[in-house]
Each structure stands twice: as C-alpha cells, then as structure tokens.
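Reader: I'd love a close look at the disulfides here. Could you walk me through how the cysteines are paired and where they sit?

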Amino acid sequence: MHPNGSALLLTPTRRRTVGVVIAAVLALVGGLLLAYPDRAGAAADPLISGGKTATASSDESSDLGPQNAFDGDPATRWASVEGKDPQWLSVDLGATADVTRVKLSWEDAYAKAYRIEISADGTTWTRLADETAGNGGTDDWPALTGKGRYLRVYGTARATAYGYSLYEFEVYGTLGSQPPQTGAFTVVAAGDIAAQCTASDSDCAHPKTAALAQKIDPKFYLTMGDSQYDDARISDFRAYYDKTWGAFKAKTRPVPGNHETYDPAGALAGYKAYFGDIAYPQGKTYYSFDEGNWHFIALDSNSFDKSAQIDWLKADLAKNSKACIAAYWHHPLYSSGGHGNDPVSRPVWKILYGAKADLVLNGHDHHYERFAPQNPDGKAVADGITEIVGGMGGAEPYPIEEVQPNSQKRISGEYGVLKMDFTDSGYSWNYIGTDNKTKDTSPKYTCH
C-alpha cells in the first residue's frame, strides 16, 4: 500500500472558511482549466461509502448510531460513549475497493489523534494515514492508495472530555466488479401471530397481517414461533391460525415458540398435528434448507439446552456449501422488549458466529426491532450477526422496556410483516405495516 511507512507522512487537507484562500483557490482552478481544457471534464473518483453498513466500538445513544455517518445528511451524526479511548467507526464497502480519498466531517467532539485503516476481512488492518495533531472541522485525505473492503477511523486521543463524533465519513475510490445476481428471492417473516380472534372482530390483527403477507406473495414464509395462542391446541390452530396464515401453510417454514409447548395434550402436540412434515421435514423440531446462495437454519429454542440439537447444528454448518447463512428461532438473545435478553441463545450465537452466519430472526417480544451487526457478547463488529426481533404478527403488542446496545430501530404497537429481499451476496428488508405503509427500511447488508 505505502511501502516503508510512507502512509504515515500523509497529512489531511484542512478546510476553513477563509475568503482570501477560497478566492485564490478558485482563481487557480480557473487558470488550470483554461490552460488544460481537456481536464475540465475529468471525473473525480466517486463516493463509495454512502448508505453502506456501518459498525462502531460504541455509540452514545440509539439516535447517534454509526449509520448516521454514512447517510449523506450533514445534520445527523455518530457519537461514541464519552470519556473512553480508543474508539472506532467502520464501514463495509460491500466489495473490495481501491480507495483514493477519505473525508471526515467532525462535530465539536473531535479526535486529536486517529488513524485511518483498511482491511480485506474486517479483522487485520493496515494503516493508510495517521493524524497526531487534529484540530476538528473537516479533514480531507485526498492522496490515499489502499485496497480492501473495510475502512475505519480508529481514534486514540480525544480533543475533549466527551467522546468522538462524526457528521460524515466519506470514502472515495473504485469498487471491484460484482458477479451478476442470479438467485434473488423474497421471503415474508413474522412471529407471535394468531390470537384467539377472527376477522369478525375489528381489533383482530392476524387476518390483516395474513392478507398483507399473501399479497406480497414471497418464495416462502418464515414464522418465528408462537404461531397460535394461548396454548396452541390443534382445535385453536384450526379455528384461528388456519383461517388466516393457514392459507399459505404449504409455503411456510415454521419453528415452535414457548406457547406451542403449553398444549395440555403434550408439548408441541397441536403444532405437530397441524403442520406435520412441514414443521418436521427432517424428523425433528429443527431443520435446514437452501434457497439460492443461502442456507436457512430453523431451530427450536425451547430445547437449546439439549446436546442433540447443538450437535446437529454443528454438523449441519460443517456441511454447508452456501455463501450466506440465516437462522431463525423464537427466543432472542437481544431484545429491548418486555422479555428482554435471553441468554439461552448465546451458545447458539457463538456457533453461528464462528461459522460466519449473517442473519438471525426471532420473535417472543411483540414488537419490531433491528440491531447493528454484533458478536455473541454484544459488541458491534464488522463481521457480526444482524438480529431482527419480529414478533408483530398479530399477538397483543408489548412496550419497549430497556433499549439495548446496538439497537438501531424499535417500533411497538403496530402490526406488520418483514419483507426480506435476498440476493446471491446480501440481503435487506422492509418492515411493512398492515396499512401497507413501510415503517422501516434496513441498510443493504453483504454476506460475510
């Protein structure tokens, strides 16, 4: 990149509002364009970081998350926690890129010392530039030469007693070519669905979420547990769920929740009687399947303490040949809702994280929530797993109780479904309400 440490000699261009300097620069630029007219149309390297997936070592609050530094809005910002060094902000460009320029727009809480680093894998970093006497404002590094997929600003000394804060983190250069997308497909997902009510009751939500889900007409449907309330008897499945979401049962890939275990006829008796081989395609309450370049893993979080399922999961991942991995089950490891975090899922997260899984979908708490990519210990990392809580399929909503770290968006009190869009190399989604309006749009994520 910069042999013999030459990258460390780079210094940023400072932008200050000084009229004489601006006038002189404009005159110089005009003169150069007159002298070299063929350069007037020369294109600068494009911005390649806008809207890309961002992670950070910390954020001061959910409103000051890392994505704010890549949204193109100069009024929003990322801010780290106060009073702690070091801190970092990273962006996943989505593909290997030749990086030629980085521009940083600091808020009043700026870095006195920081590094700009690049990485191919988000783990091993190479230094591109080094600032040791920062004075805030806008730092423009116009002469970088680096190749990698991930960029980060690594702050080592704060200029104030607060944290680090950036309005914008702009990366310029050229992205490498992407293979053509050939396996794109759409999935609808929700958990916590059929209360004991029907369409004749105007307050009954699951007929409305079913109508929305059916209108989207996805490749298949994922249900993240508690499909039928309260005790998931077979009679209840037939009287309620079957009248709504049952219309597309053949295209549904379910997992059980805790309410499916309450059946007086036996744990999961009604669930198994209703779904049959659809829920037990491999003879157990957990299973896997492939679609496009994705490997989907359906798990039973009621029995995460059983070695049989854990051993099966390890073997299943060892055999996987797909580039992208999604898993779904009922109890979320992280949630800002009434049930909160459930550590029963942590061992499974560790296995999935070790296998470079991309996405986890859960229910249990009756709200919508998305998290920034994080590791099993709740640390925001570039190679982390993205978690969605999607328990808004029809059961009575739960309020947000305690906002968890890395939670980026939370919606309670509105019913709807997740419209998940998968490609050969990534995914994104919209949370759509029963009024057919989009309530939240995710970033576009690239598989690990």
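Author: Cys324 and Cys447 are both buried, and in this predicted model the two are joined by a disulfide with their sulfur atoms 2.1 Å apart. The torsion about that S-S bond is 110°, and the link of Cys324 and Cys447 is right-handed. As for where the partners sit, Cys324 belongs to strand β15 (residues 324–328), while Cys447 falls in the segment after β23 (445–446), so this pair ties together parts that are 123 residues apart in sequence.

That bond has company, since the structure holds two disulfides. The other pair to look at is Cys197 and Cys204, bonded with an S to S distance of 2.1 Å. Here the torsion about the S-S bond is about 75°, so the disulfide of Cys197 and Cys204 is right-handed. Burial is easy to state for this pair too: Cys197 is buried, as is Cys204.

Putting the pairs in order, you can count the bonded cysteines along the chain, and the pattern reads 1-2, 3-4. In that pattern, Cys197 is bonded to Cys204, and Cys324 is bonded to Cys447.

If you are turning the model around anyway, do stop at a helix pair as well. Helix α5 (residues 307–319) packs with helix α6 (residues 346–354) at an angle of about 10°, the axes 10 Å apart, and α5 and α6 are therefore roughly parallel to each other. On the α5 side the contact is made by Ile310, Leu313, Lys314 and Leu317, and on the α6 side by Val348, Ile351 and Leu352. By class, this contact of α5 with α6 has six nonpolar residues, one charged and no polar.

Conventions
Residues numbered from 1 in each chain as written. Predicted model: local features only at pLDDT ≥ 70, side-chain atom pairs only at ≥ 80, totals over all residues. Heavy atoms only, no water. Axes fitted to C-alpha atoms, helices over the stretch in contact; angles between N-to-C directions. Helix = DSSP H or I, 4+ residues; strand = E, 2+ residues; numbered from the N terminus. Parallel < 35°, antiparallel > 145°, perpendicular 65-115°, else oblique. Contact = heavy atoms within 4.5 Å. Nonpolar A, V, L, I, M, F, W, Y, C, P; charged D, E, K, R; others polar. Disulfide = S-S within 2.5 Å. Buried < 20%, exposed > 50% of the residue type's maximum accessible area, 1.4 Å probe, protein only.
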